[in-house]
Amino acid sequence: MGEHIIKLPDVGEGVAEAELVEWHVKVGDLVREDTVLAAVMTDKATVEIPSPVDGEILWLGAEIGDTVAIGSPIVRLKVAGEGNVKAAAETAPQVKAAAEPAEVKPAPAAPKPAPKPAEVPKAVVAPKATRPASVSGAPRAEGEKPLASPAVRLRAKEAGIDLRQVPGSGPAGRISHEDIDAFVARGPQIARATGLTRKDGVEDIKVVGLRRKIAERMSLAKSRIPHITYVEEIDVTALEELRATLNKEKRQDRPKLTLLPFLMRAMVKAITEQPNLNALFDDDAGVIHQHEGIHIGIAAQTPNGLVVPVVKHAEARDLWDCATEVNRLADAAKAGTANREELSGSTITITSLGAMGGVATTPVINYPEVAIVGVNKIMVRPVWDGTQFIPRKMMNLSSSFDHRVIDGWDAAVFVQRIKALLETPALIFVD
(Lines give C-alpha, C1' and ligand atoms only; values in the text may rest on other atoms or scores of the structure.)
Protein backbone atom coordinates (compact mmCIF):
# COMPACT_ATOMS: atom_id res chain seq x y z
CA MET A 1 0.00 0.00 0.00
CA GLY A 2 1.13 3.56 -0.64
CA GLU A 3 -0.03 7.14 -0.38
CA HIS A 4 -1.18 9.55 -3.05
CA ILE A 5 -1.23 13.32 -2.49
CA ILE A 6 -3.61 15.48 -4.51
CA LYS A 7 -2.66 19.12 -4.96
CA LEU A 8 -4.93 22.01 -5.91
CA PRO A 9 -4.72 22.15 -9.72
CA ASP A 10 -4.63 25.23 -11.93
CA VAL A 11 -8.28 26.41 -11.96
CA GLY A 12 -7.94 29.34 -14.33
CA GLU A 13 -5.50 31.45 -16.23
CA GLY A 14 -3.70 33.88 -13.97
CA VAL A 15 -5.31 32.44 -10.82
CA ALA A 16 -2.86 31.98 -7.94
CA GLU A 17 -5.27 30.85 -5.22
CA ALA A 18 -8.85 29.70 -4.68
CA GLU A 19 -11.28 29.51 -1.80
CA LEU A 20 -12.41 26.09 -0.61
CA VAL A 21 -16.20 26.24 -0.47
CA GLU A 22 -17.27 22.60 -0.12
CA TRP A 23 -15.96 19.16 0.84
CA HIS A 24 -17.74 16.17 -0.73
CA VAL A 25 -15.73 13.62 1.28
CA LYS A 26 -14.40 13.10 4.79
CA VAL A 27 -11.52 11.19 6.37
CA GLY A 28 -12.12 7.45 6.08
CA ASP A 29 -14.24 7.61 2.93
CA LEU A 30 -13.44 5.25 0.06
CA VAL A 31 -13.39 7.06 -3.28
CA ARG A 32 -13.04 5.97 -6.86
CA GLU A 33 -11.36 7.69 -9.77
CA ASP A 34 -13.28 10.80 -10.89
CA THR A 35 -15.16 11.05 -7.58
CA VAL A 36 -15.64 14.75 -6.80
CA LEU A 37 -13.63 15.53 -3.67
CA ALA A 38 -14.16 19.25 -3.20
CA ALA A 39 -15.30 22.49 -4.79
CA VAL A 40 -13.27 25.69 -4.92
CA MET A 41 -14.23 29.17 -6.04
CA THR A 42 -12.38 32.00 -7.68
CA ASP A 43 -13.88 35.16 -9.13
CA LYS A 44 -17.42 33.76 -8.75
CA ALA A 45 -16.63 30.64 -10.78
CA THR A 46 -16.94 27.33 -8.91
CA VAL A 47 -14.64 24.44 -9.93
CA GLU A 48 -14.97 20.83 -8.80
CA ILE A 49 -11.82 18.85 -7.92
CA PRO A 50 -12.06 15.13 -8.87
CA SER A 51 -9.88 12.29 -7.60
CA PRO A 52 -7.43 10.91 -10.16
CA VAL A 53 -7.16 7.53 -8.34
CA ASP A 54 -9.06 5.01 -6.21
CA GLY A 55 -8.28 5.06 -2.51
CA GLU A 56 -9.18 5.87 1.09
CA ILE A 57 -9.13 9.42 2.42
CA LEU A 58 -6.42 9.78 5.08
CA TRP A 59 -6.16 13.56 5.43
CA LEU A 60 -7.87 16.76 4.29
CA GLY A 61 -5.61 19.78 4.03
CA ALA A 62 -8.01 22.72 4.45
CA GLU A 63 -11.28 23.82 5.99
CA ILE A 64 -14.26 25.36 4.26
CA GLY A 65 -13.58 29.06 3.79
CA ASP A 66 -9.79 28.69 3.65
CA THR A 67 -7.87 30.27 0.77
CA VAL A 68 -5.58 27.66 -0.80
CA ALA A 69 -2.65 28.40 -3.12
CA ILE A 70 -2.45 26.61 -6.45
CA GLY A 71 -0.22 23.53 -6.06
CA SER A 72 -0.81 23.14 -2.32
CA PRO A 73 -1.64 19.62 -1.03
CA ILE A 74 -5.34 19.31 -0.22
CA VAL A 75 -5.99 15.54 0.06
CA ARG A 76 -3.91 12.49 1.01
CA LEU A 77 -5.21 9.02 0.09
CA LYS A 78 -4.13 5.47 0.84
CA VAL A 79 -3.93 3.64 -2.47
CA ALA A 80 -2.97 0.24 -3.82
CA GLY A 81 0.61 0.25 -5.07
CA GLU A 82 3.30 2.80 -4.36
CA GLY A 83 1.24 5.98 -4.92
CA ASN A 84 3.09 9.21 -5.65
CA VAL A 85 4.85 9.50 -2.25
CA LYS A 86 6.98 7.03 -0.30
CA ALA A 87 5.86 8.06 3.13
CA ALA A 88 5.57 4.50 4.42
CA ALA A 89 9.09 3.53 3.34
CA GLU A 90 10.64 6.68 4.78
CA THR A 91 9.05 6.21 8.18
CA ALA A 92 9.80 2.48 8.49
CA PRO A 93 13.36 2.83 9.96
CA GLN A 94 12.07 5.26 12.53
CA VAL A 95 9.38 2.83 13.59
CA LYS A 96 11.93 0.00 13.84
CA ALA A 97 14.29 2.08 15.97
CA ALA A 98 11.47 3.04 18.21
CA ALA A 99 10.62 -0.63 18.69
CA GLU A 100 14.08 -1.57 20.04
CA PRO A 101 14.35 -1.63 23.83
CA ALA A 102 16.21 1.35 25.22
CA GLU A 103 18.24 1.53 28.38
CA VAL A 104 15.89 2.13 31.24
CA LYS A 105 17.11 4.63 33.77
CA PRO A 106 15.55 4.76 37.18
CA ALA A 107 13.25 7.72 37.49
CA PRO A 108 14.10 10.23 40.22
CA ALA A 109 12.19 9.69 43.40
CA ALA A 110 9.14 11.90 43.59
CA PRO A 111 9.05 14.25 46.58
CA LYS A 112 6.80 13.13 49.35
CA PRO A 113 3.59 15.10 49.49
CA ALA A 114 3.14 17.40 52.45
CA PRO A 115 0.71 16.06 55.02
CA LYS A 116 -2.78 17.42 54.59
CA PRO A 117 -4.23 19.39 57.47
CA ALA A 118 -6.87 17.60 59.38
CA GLU A 119 -10.27 18.31 57.93
CA VAL A 120 -12.84 19.81 60.19
CA PRO A 121 -16.03 17.78 59.95
CA LYS A 122 -18.91 19.77 58.54
CA ALA A 123 -22.14 20.05 60.37
CA VAL A 124 -24.83 17.85 58.95
CA VAL A 125 -27.84 19.91 57.99
CA ALA A 126 -31.10 18.25 57.14
CA PRO A 127 -32.33 19.27 53.68
CA LYS A 128 -35.38 21.46 53.49
CA ALA A 129 -38.50 19.94 52.06
CA THR A 130 -38.97 21.35 48.60
CA ARG A 131 -41.64 21.04 45.97
CA PRO A 132 -40.47 18.60 43.24
CA ALA A 133 -39.60 20.50 40.07
CA SER A 134 -41.32 19.55 36.85
CA VAL A 135 -39.37 18.39 33.85
CA SER A 136 -40.11 21.65 32.03
CA GLY A 137 -38.62 23.79 34.80
CA ALA A 138 -42.00 25.19 35.84
CA PRO A 139 -42.64 25.71 39.59
CA ARG A 140 -45.29 22.98 39.65
CA ALA A 141 -45.83 19.59 38.08
CA GLU A 142 -47.54 19.14 34.72
CA GLY A 143 -51.30 19.23 35.16
CA GLU A 144 -51.14 20.68 38.68
CA LYS A 145 -53.65 23.52 39.03
CA PRO A 146 -52.18 26.71 40.57
CA LEU A 147 -53.92 28.00 43.68
CA ALA A 148 -54.97 31.66 43.54
CA SER A 149 -57.87 33.92 44.39
CA PRO A 150 -60.28 35.09 41.66
CA ALA A 151 -58.74 38.59 41.82
CA VAL A 152 -55.23 37.21 41.24
CA ARG A 153 -56.49 35.03 38.38
CA LEU A 154 -58.19 38.01 36.71
CA ARG A 155 -55.03 40.11 37.01
CA ALA A 156 -52.90 37.33 35.50
CA LYS A 157 -55.34 36.88 32.64
CA GLU A 158 -55.36 40.60 31.81
CA ALA A 159 -51.54 40.67 31.90
CA GLY A 160 -51.20 37.55 29.75
CA ILE A 161 -49.36 35.65 32.51
CA ASP A 162 -49.51 31.86 32.76
CA LEU A 163 -50.09 31.20 36.48
CA ARG A 164 -48.57 27.72 36.08
CA GLN A 165 -45.21 29.46 35.71
CA VAL A 166 -45.57 31.64 38.82
CA PRO A 167 -44.12 30.33 42.11
CA GLY A 168 -46.51 30.79 45.02
CA SER A 169 -45.34 31.88 48.47
CA GLY A 170 -48.56 31.17 50.35
CA PRO A 171 -49.76 27.98 52.04
CA ALA A 172 -49.69 24.99 49.67
CA GLY A 173 -48.08 27.23 47.03
CA ARG A 174 -50.97 29.69 46.86
CA ILE A 175 -50.21 32.64 44.53
CA SER A 176 -50.68 36.17 45.82
CA HIS A 177 -50.49 39.63 44.23
CA GLU A 178 -46.96 39.94 45.63
CA ASP A 179 -45.98 36.76 43.78
CA ILE A 180 -47.32 38.28 40.53
CA ASP A 181 -45.28 41.45 41.19
CA ALA A 182 -42.11 39.42 41.80
CA PHE A 183 -42.70 37.36 38.66
CA VAL A 184 -43.18 40.46 36.49
CA ALA A 185 -40.08 42.12 38.01
CA ARG A 186 -37.92 39.25 36.79
CA GLY A 187 -38.25 40.65 33.28
CA PRO A 188 -38.39 39.13 29.80
CA GLN A 189 -38.15 35.49 30.90
CA ILE A 190 -41.89 35.52 31.59
CA ALA A 191 -43.79 32.71 29.90
CA ARG A 192 -47.06 34.17 28.67
CA ALA A 193 -50.41 32.42 28.45
CA THR A 194 -50.20 32.71 24.67
CA GLY A 195 -47.68 29.87 24.61
CA LEU A 196 -44.88 32.08 23.26
CA THR A 197 -41.49 31.19 24.69
CA ARG A 198 -38.20 33.01 24.74
CA LYS A 199 -35.37 31.60 22.61
CA ASP A 200 -31.74 32.40 23.31
CA GLY A 201 -29.92 30.15 20.83
CA VAL A 202 -27.31 31.58 18.47
CA GLU A 203 -26.21 29.86 15.25
CA ASP A 204 -22.80 30.83 13.87
CA ILE A 205 -22.77 30.67 10.06
CA LYS A 206 -19.38 31.09 8.44
CA VAL A 207 -19.43 33.45 5.45
CA VAL A 208 -17.74 31.50 2.66
CA GLY A 209 -17.88 30.98 -1.07
CA LEU A 210 -20.21 33.13 -3.16
CA ARG A 211 -21.67 34.86 -0.09
CA ARG A 212 -18.18 36.03 0.90
CA LYS A 213 -17.53 37.26 -2.64
CA ILE A 214 -20.81 39.18 -2.59
CA ALA A 215 -19.97 40.71 0.79
CA GLU A 216 -16.52 41.78 -0.41
CA ARG A 217 -17.87 43.34 -3.62
CA MET A 218 -20.67 45.19 -1.82
CA SER A 219 -18.30 46.53 0.83
CA LEU A 220 -15.86 47.65 -1.85
CA ALA A 221 -18.59 49.40 -3.83
CA LYS A 222 -20.06 51.24 -0.85
CA SER A 223 -16.70 52.20 0.66
CA ARG A 224 -15.21 53.59 -2.58
CA ILE A 225 -18.18 54.88 -4.58
CA PRO A 226 -20.23 57.91 -3.47
CA HIS A 227 -23.66 56.90 -4.76
CA ILE A 228 -26.34 59.22 -6.08
CA THR A 229 -29.71 57.50 -6.59
CA TYR A 230 -32.31 58.96 -8.96
CA VAL A 231 -35.90 57.62 -8.93
CA GLU A 232 -38.32 58.35 -11.77
CA GLU A 233 -41.91 57.25 -12.40
CA ILE A 234 -42.60 55.77 -15.86
CA ASP A 235 -45.94 55.09 -17.54
CA VAL A 236 -45.50 51.65 -19.14
CA THR A 237 -49.12 51.18 -20.23
CA ALA A 238 -48.30 51.40 -23.95
CA LEU A 239 -45.21 49.22 -23.48
CA GLU A 240 -47.19 46.50 -21.73
CA GLU A 241 -49.82 46.55 -24.51
CA LEU A 242 -47.09 46.20 -27.13
CA ARG A 243 -45.39 43.43 -25.19
CA ALA A 244 -48.64 41.47 -24.85
CA THR A 245 -49.30 41.82 -28.60
CA LEU A 246 -45.80 40.70 -29.58
CA ASN A 247 -46.00 37.68 -27.25
CA LYS A 248 -49.41 36.72 -28.63
CA GLU A 249 -48.19 36.81 -32.24
CA LYS A 250 -44.64 35.56 -31.74
CA ARG A 251 -43.13 32.71 -33.70
CA GLN A 252 -42.56 29.35 -32.03
CA ASP A 253 -38.79 29.75 -32.21
CA ARG A 254 -38.84 33.03 -30.30
CA PRO A 255 -38.88 33.40 -26.50
CA LYS A 256 -41.57 35.16 -24.51
CA LEU A 257 -40.74 38.83 -24.04
CA THR A 258 -40.41 40.35 -20.57
CA LEU A 259 -39.76 43.98 -19.70
CA LEU A 260 -35.96 43.46 -19.66
CA PRO A 261 -35.30 43.28 -23.44
CA PHE A 262 -37.18 46.56 -23.95
CA LEU A 263 -35.22 48.20 -21.14
CA MET A 264 -31.94 46.89 -22.57
CA ARG A 265 -32.70 48.33 -26.01
CA ALA A 266 -33.70 51.65 -24.42
CA MET A 267 -30.44 51.71 -22.46
CA VAL A 268 -28.45 51.05 -25.64
CA LYS A 269 -30.06 54.06 -27.31
CA ALA A 270 -29.53 56.27 -24.25
CA ILE A 271 -25.89 55.19 -23.90
CA THR A 272 -25.26 56.02 -27.55
CA GLU A 273 -26.06 59.63 -26.62
CA GLN A 274 -24.18 59.46 -23.28
CA PRO A 275 -21.26 57.03 -23.69
CA ASN A 276 -19.74 58.17 -20.38
CA LEU A 277 -22.35 56.00 -18.62
CA ASN A 278 -20.93 52.85 -20.24
CA ALA A 279 -17.62 52.91 -18.42
CA LEU A 280 -15.42 51.43 -15.70
CA PHE A 281 -13.62 53.76 -13.29
CA ASP A 282 -10.14 52.70 -12.20
CA ASP A 283 -9.93 55.05 -9.23
CA ASP A 284 -6.46 53.80 -8.24
CA ALA A 285 -5.02 54.87 -11.58
CA GLY A 286 -7.39 57.82 -12.01
CA VAL A 287 -8.57 56.52 -15.40
CA ILE A 288 -12.08 56.07 -16.81
CA HIS A 289 -12.27 53.20 -19.31
CA GLN A 290 -15.13 54.19 -21.64
CA HIS A 291 -16.26 51.17 -23.67
CA GLU A 292 -17.75 51.13 -27.15
CA GLY A 293 -19.29 47.68 -26.67
CA ILE A 294 -22.30 47.68 -24.31
CA HIS A 295 -22.14 44.66 -22.02
CA ILE A 296 -25.20 44.65 -19.77
CA GLY A 297 -25.02 42.69 -16.53
CA ILE A 298 -28.32 41.27 -15.26
CA ALA A 299 -28.25 40.81 -11.48
CA ALA A 300 -29.86 37.41 -10.82
CA GLN A 301 -30.77 35.69 -7.57
CA THR A 302 -29.78 32.02 -7.45
CA PRO A 303 -30.02 29.35 -4.74
CA ASN A 304 -26.37 30.09 -3.92
CA GLY A 305 -26.67 33.88 -3.89
CA LEU A 306 -26.51 36.90 -6.16
CA VAL A 307 -24.62 36.61 -9.46
CA VAL A 308 -24.42 38.91 -12.49
CA PRO A 309 -24.52 37.10 -15.85
CA VAL A 310 -23.54 39.43 -18.70
CA VAL A 311 -25.25 39.95 -22.06
CA LYS A 312 -22.26 40.83 -24.24
CA HIS A 313 -22.59 43.40 -27.05
CA ALA A 314 -26.19 44.38 -26.44
CA GLU A 315 -25.70 47.12 -29.05
CA ALA A 316 -25.58 44.39 -31.72
CA ARG A 317 -28.66 42.48 -30.53
CA ASP A 318 -32.31 43.07 -31.42
CA LEU A 319 -35.22 42.66 -29.01
CA TRP A 320 -35.60 38.92 -29.54
CA ASP A 321 -31.88 38.22 -29.39
CA CYS A 322 -31.65 40.09 -26.07
CA ALA A 323 -34.53 38.01 -24.68
CA THR A 324 -32.97 34.74 -25.84
CA GLU A 325 -29.60 35.56 -24.28
CA VAL A 326 -31.16 36.73 -21.01
CA ASN A 327 -33.09 33.46 -20.70
CA ARG A 328 -30.02 31.37 -21.52
CA LEU A 329 -27.83 33.13 -18.97
CA ALA A 330 -30.52 33.07 -16.29
CA ASP A 331 -30.96 29.30 -16.68
CA ALA A 332 -27.18 28.74 -16.52
CA ALA A 333 -26.83 30.95 -13.44
CA LYS A 334 -29.63 29.17 -11.56
CA ALA A 335 -28.23 25.76 -12.49
CA GLY A 336 -24.72 26.81 -11.41
CA THR A 337 -23.26 26.05 -14.84
CA ALA A 338 -22.45 29.63 -15.90
CA ASN A 339 -18.74 29.95 -16.59
CA ARG A 340 -16.34 32.72 -15.66
CA GLU A 341 -16.64 34.42 -19.03
CA GLU A 342 -20.44 34.62 -18.71
CA LEU A 343 -20.22 36.12 -15.21
CA SER A 344 -17.73 38.90 -15.89
CA GLY A 345 -17.05 41.82 -18.21
CA SER A 346 -20.17 43.96 -17.67
CA THR A 347 -20.00 47.71 -18.33
CA ILE A 348 -23.41 48.64 -16.86
CA THR A 349 -25.90 46.59 -14.85
CA ILE A 350 -29.67 46.10 -14.47
CA THR A 351 -31.12 44.93 -11.16
CA SER A 352 -34.79 43.99 -10.89
CA LEU A 353 -36.88 43.39 -7.80
CA GLY A 354 -40.14 44.11 -9.59
CA ALA A 355 -41.48 40.59 -9.09
CA MET A 356 -41.07 40.98 -5.31
CA GLY A 357 -42.80 44.37 -5.18
CA GLY A 358 -41.23 47.48 -3.80
CA VAL A 359 -41.95 51.06 -4.87
CA ALA A 360 -38.33 52.23 -4.93
CA THR A 361 -34.86 50.88 -4.20
CA THR A 362 -31.33 52.23 -3.80
CA PRO A 363 -29.20 49.86 -5.94
CA VAL A 364 -25.53 49.37 -5.15
CA ILE A 365 -23.28 49.93 -8.17
CA ASN A 366 -21.47 46.86 -9.51
CA TYR A 367 -17.88 48.09 -8.91
CA PRO A 368 -15.99 49.35 -10.93
CA GLU A 369 -18.94 50.35 -13.15
CA VAL A 370 -20.37 53.86 -12.84
CA ALA A 371 -24.12 53.20 -13.20
CA ILE A 372 -26.82 50.67 -12.36
CA VAL A 373 -30.51 50.74 -13.37
CA GLY A 374 -33.09 49.29 -10.97
CA VAL A 375 -36.54 48.04 -11.98
CA ASN A 376 -39.41 48.26 -9.50
CA LYS A 377 -42.93 46.86 -9.39
CA ILE A 378 -45.51 47.76 -12.06
CA MET A 379 -48.73 48.94 -10.43
CA VAL A 380 -52.01 50.32 -11.75
CA ARG A 381 -52.43 53.86 -10.42
CA PRO A 382 -54.88 56.71 -11.10
CA VAL A 383 -53.19 59.34 -13.27
CA TRP A 384 -54.59 62.82 -13.97
CA ASP A 385 -54.73 63.50 -17.73
CA GLY A 386 -55.88 67.11 -17.42
CA THR A 387 -59.58 66.41 -17.22
CA GLN A 388 -59.95 63.21 -15.21
CA PHE A 389 -58.14 60.41 -13.41
CA ILE A 390 -57.53 57.36 -15.58
CA PRO A 391 -55.92 54.01 -14.66
CA ARG A 392 -52.37 53.62 -15.95
CA LYS A 393 -49.66 51.02 -15.44
CA MET A 394 -46.85 52.82 -13.64
CA MET A 395 -43.35 51.69 -12.70
CA ASN A 396 -40.44 53.36 -10.94
CA LEU A 397 -36.87 53.17 -12.18
CA SER A 398 -34.36 53.49 -9.33
CA SER A 399 -30.91 54.16 -10.74
CA SER A 400 -27.60 54.78 -8.94
CA PHE A 401 -24.53 56.56 -10.32
CA ASP A 402 -20.92 57.09 -9.27
CA HIS A 403 -21.04 60.76 -8.29
CA ARG A 404 -17.26 61.11 -8.65
CA VAL A 405 -17.51 60.89 -12.43
CA ILE A 406 -21.26 61.23 -13.19
CA ASP A 407 -22.91 64.55 -12.37
CA GLY A 408 -26.49 64.61 -11.16
CA TRP A 409 -27.58 66.43 -14.33
CA ASP A 410 -26.11 63.73 -16.57
CA ALA A 411 -27.75 61.03 -14.47
CA ALA A 412 -31.14 62.74 -14.79
CA VAL A 413 -30.73 63.17 -18.58
CA PHE A 414 -29.92 59.46 -18.92
CA VAL A 415 -32.97 58.33 -16.94
CA GLN A 416 -35.28 60.81 -18.70
CA ARG A 417 -34.15 59.46 -22.08
CA ILE A 418 -34.96 55.91 -20.98
CA LYS A 419 -38.33 57.15 -19.69
CA ALA A 420 -39.18 58.72 -23.05
CA LEU A 421 -38.28 55.54 -24.93
CA LEU A 422 -40.28 53.23 -22.64
CA GLU A 423 -43.34 55.48 -22.59
CA THR A 424 -43.30 55.66 -26.40
CA PRO A 425 -41.98 52.17 -27.20
CA ALA A 426 -42.18 52.65 -30.99
CA LEU A 427 -39.11 54.88 -30.63
CA ILE A 428 -37.10 51.84 -29.52
CA PHE A 429 -37.40 50.42 -33.02
CA VAL A 430 -36.48 53.69 -34.81
CA ASP A 431 -32.83 54.00 -35.79
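F401 is buried in this predicted model, with a relative accessibility of 0%. The residue belongs to strand 18, which covers residues 389-402. The points below treat its surroundings, then helix 7, a four-stranded sheet, backbone features and a UniProt annotation.

**Surroundings of F401**
- Beyond its neighbours within four places in sequence, F401 contacts P226, H227, I228, Y230, L277, I365, V370, A371, I406, A411, F414 and V415.
- I225 lies 176 residues from F401 along the chain, yet the C-alpha atoms of the two are 8.7 Å apart.

**Helix 7 and its ends**
- Helix 7 comprises the 17 residues 319-335, and its first and last C-alpha atoms are separated by 25 Å, close to the expected 24 Å.
- Its buried residues are L319, W320, C322, A323, E325, V326, L329, A332 and A333.
- These buried residues pack against two helices, helix 5 (237-248) and helix 6 (259-273), and against strand 13 (300-302), strand 14 (305-307) and strand 15 (310-311).
- At the N-terminal end, D318 acts as a cap, with a side-chain oxygen 3.2 Å from the backbone nitrogen of W320.
- G336, just after the helix, adopts a positive phi of about 75 degrees.
- Ahead of helix 7, the loop that follows strand 15 contains H313, a non-glycine residue with a positive phi of about 50 degrees.
- H313 is partly exposed, at 39% relative accessibility.

**The open four-stranded sheet**
- Four strands form an open sheet in the order 1-8-6-3, and their pairing is antiparallel.
- Strand 1 (2-7) and strand 3 (30-31) are the edge strands; each has a single partner, so one side of each lacks a neighbour in the sheet.
- Strand 1 runs antiparallel to strand 8 (residues 73-79), and six bridges join the two.
- Within this arrangement, I5 is positioned opposite R76 of strand 8.

**Backbone features in other loops**
- D34 sits in the loop between strand 3 and strand 4 (36-42).
- Although D34 is not a glycine, its phi is positive, near 80 degrees.
- D34 is exposed, with a relative accessible area of 58%.
- The peptide bond between Y367 and P368 is cis, with omega about 5 degrees.
- P368 is located in the loop connecting strand 16 (348-352) to strand 17 (371-384).

**Annotated region**
- An unreviewed UniProt entry lists residues 147-184 as "domain: Peripheral subunit-binding (PSBD)".
- Across residues 147-184 the chain is 47% helix and 0% strand, and the C-alpha atoms at the two ends are 18 Å apart.

Methods
Residues numbered from 1 in each chain as written. Predicted model: local features only at pLDDT ≥ 70, side-chain atom pairs only at ≥ 80, totals over all residues. Heavy atoms only, no water. Expected span 1.5 Å × (residues − 1). Buried < 20%, exposed > 50% of the residue type's maximum accessible area, 1.4 Å probe, protein only. Contact = heavy atoms within 4.5 Å. Polar contact = N/O pair within 3.5 Å; in protein donor to acceptor, adjacent residues only side chain to side chain. UniProt positions renumbered as here; feature names shortened; annotations may be inferred. Pairing = 2+ DSSP bridges.
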